[in-house]
Amino acid sequence: MLVDSHCHIDFPELADDLPNVLARMQQNGVTSALCVGVTIEHLPRLLAIADAHPSIFASVGVHPDNAADPEPSLDDLLRLAAHPKVVAIGETGLDYHWHKDRPEWQRQRFRTHIAAARQSVKPLIIHTREAAADTLQIMREAGADRVGGVMHCFTEDWETACAALDLGFYISFSGIVTFKNAVALKEVAKRVPLDRLLLETDSPYLAPVPFRGKLNQPAYVRYVAEEVARLREMPLEELAAASSDNFFRLFSCALRP
């Protein structure tokens, strides 16, 4: 059994072919997936997918890249997080790749999401890009360790991984770990404690080898699992079981199928 802990099957690239996307998940032993929210505007279509399929869960959040989106209030996030299929807050965090001026609005949005996670008692899904130090600082200052969560699509170094682990967070690996040039990330994948490791696709993006450059989908989390199992020199079945257990332990309101 495998779980895709982070995907976007509500995006048109996958939503327009949803029956086949779900069928390919089943064919590859992927029993559940977490469809992650990035805007409030499009959350209804995400929740409609989750409501219609017992194996699909949802989160609520506004991505740090979405500068044009209305700022979600704490009350907005709490109201939406009350939906029975919403198991997390996010994705949220900091992204300085496209916002090199390090805008305060992005940091304040992150703090609002952490407050919503604490009040709803639901874990956080953290996005960080070229902003690891500030991300960790705000996580500490705002009390993210009180609810925990996951560092999604992890691409940072071992020192950053350790800091996140110390805050009670899980580390999630995407198709990037299968890329030949991801040498440092492969080392992190070897070292993360097995009981704090998650797998994801971030589909429709970041397809793993042998599909790199093509449309990604939750079924391909199997290829991420195979690479991490190879790096850790352990059976695929053992890694799959452990990462799935980790998912349902972290997102405790997600019911195992």
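Okay, Arg79 and Asp76: in this predicted model, their side chains meet in a salt bridge, 3.6 Å from N to O. The two are three residues apart in helix α4, so about one helical turn separates them. Why does that spacing matter? An α-helix has 3.6 residues a turn, so residues three or four places apart point the same way. As for accessibility, Arg79 counts as exposed because its relative accessibility is 54%, and Asp76, with a relative accessible area of 26%, is partly exposed.

Let's stay on α4, residues 74-81, for a moment. Which residues are buried there? Leu77, Leu80 and Ala81. They cover an arc of only 100° around the axis, so they sit on the same side of α4. Turn to the face pointing away from that buried side and you find exposed Asp75 and Arg79. The cover over the buried residues includes α3 (43-52), β3 (56-60), β4 (86-95) and α5.

Back to charges. There are eight salt bridges in the structure. One I'd like you to look at is Glu71 with Arg109, at 2.5 Å from N to O. That pair ties together distant parts of the chain: Glu71 is in the loop between β3 and α4, Arg109 is in helix α5, and they are 38 residues apart. Glu71 is partly exposed at 39% relative accessibility, while Arg109 is down at 2%, so it counts as buried.

Another is Asp17 with Arg24, where the closest N and O atoms are 3.0 Å apart. Here Asp17 is partly exposed at 26%, and Arg24 is partly exposed at 28%. And then there's a network of salt bridges linking Glu104, Arg107 and Arg111.

Now keep Arg109 in view and look at His113, in helix α5, residues 104-120. The His113 side chain reaches the backbone oxygen of Arg109 at 2.8 Å. What else does that side chain reach? The backbone nitrogen of Val62, at 3.0 Å. His113 counts as buried, because its relative accessibility is 0%. Beyond residues up to four places away in sequence, His113 touches Gly61, Val62, Pro72, Leu77, Ile89, Gly90, Thr92 and Leu124. So there's our Leu77 again, one of the buried residues of α4.

Next, a buried charge. Asp202 is in the loop between β8 (197-199) and α9. Which side chain of opposite charge is nearest to it? Arg129, but at 9.2 Å away, and Asp202 is buried with no salt bridge. What the Asp202 side chain does have is a polar contact with the side chain of His8, at 3.2 Å. Setting aside neighbours within four places in sequence, Asp202 is in contact with His6, Cys7, His8, His152 and Cys153.

Last topic, the nonpolar side. In soluble globular proteins, nonpolar side chains tend to be buried together. The largest nonpolar core here has 68 residues, and those with the most contacts inside it are Ile9, Ile56, Met139, Phe169, Ile171, Phe173 and Leu199. Helix α9, residues 221-232, gives the largest share of this core, six residues. Apart from that core lies another, of 14 residues, including Leu34, Ala88, Val150 and Phe247.

If you click on Ile56, its contacts beyond four places in sequence are Ile9, Leu22, Met25, Ala33, Cys35, Ile49, Ala50 and Lys85. And over in helix α7, residues 158-166, there's Ala161. Ala161 is buried, at 0% relative accessibility, and leaving aside neighbours within four places it is in contact with Phe154, Ile171 and Val188.

Technical notes:
Residues are numbered from 1 along each chain as its sequence is written. This is a predicted model: local features need pLDDT of at least 70, side-chain atom pairs count only at pLDDT 80 or more; totals for chains, interfaces and linings use all residues. Side-chain values use heavy atoms; hydrogens and water are left out. Helices (H or I, at least four residues) and strands (E, at least two) are DSSP runs, numbered from the N terminus. Buried means under 20% relative accessible area, exposed over 50%, partly exposed in between (1.4 Å probe, protein chains only). A polar contact is a pair of N or O atoms within 3.5 Å; within protein, one must be able to donate a hydrogen and the other to accept it, and residues adjacent in sequence count only if both atoms are side-chain atoms. Contact means heavy atoms within 4.5 Å. A nonpolar core is a set of buried Ala, Val, Leu, Ile, Met, Phe, Trp, Tyr and Cys residues joined through side-chain atoms within 4.5 Å. Lys and Arg count as positive and Asp and Glu as negative; His and the chain ends are not counted. A salt bridge is a side-chain nitrogen of Lys or Arg within 4 Å of a carboxyl oxygen of Asp or Glu. The arc is that of the directions from the helix axis to the C-beta atoms.
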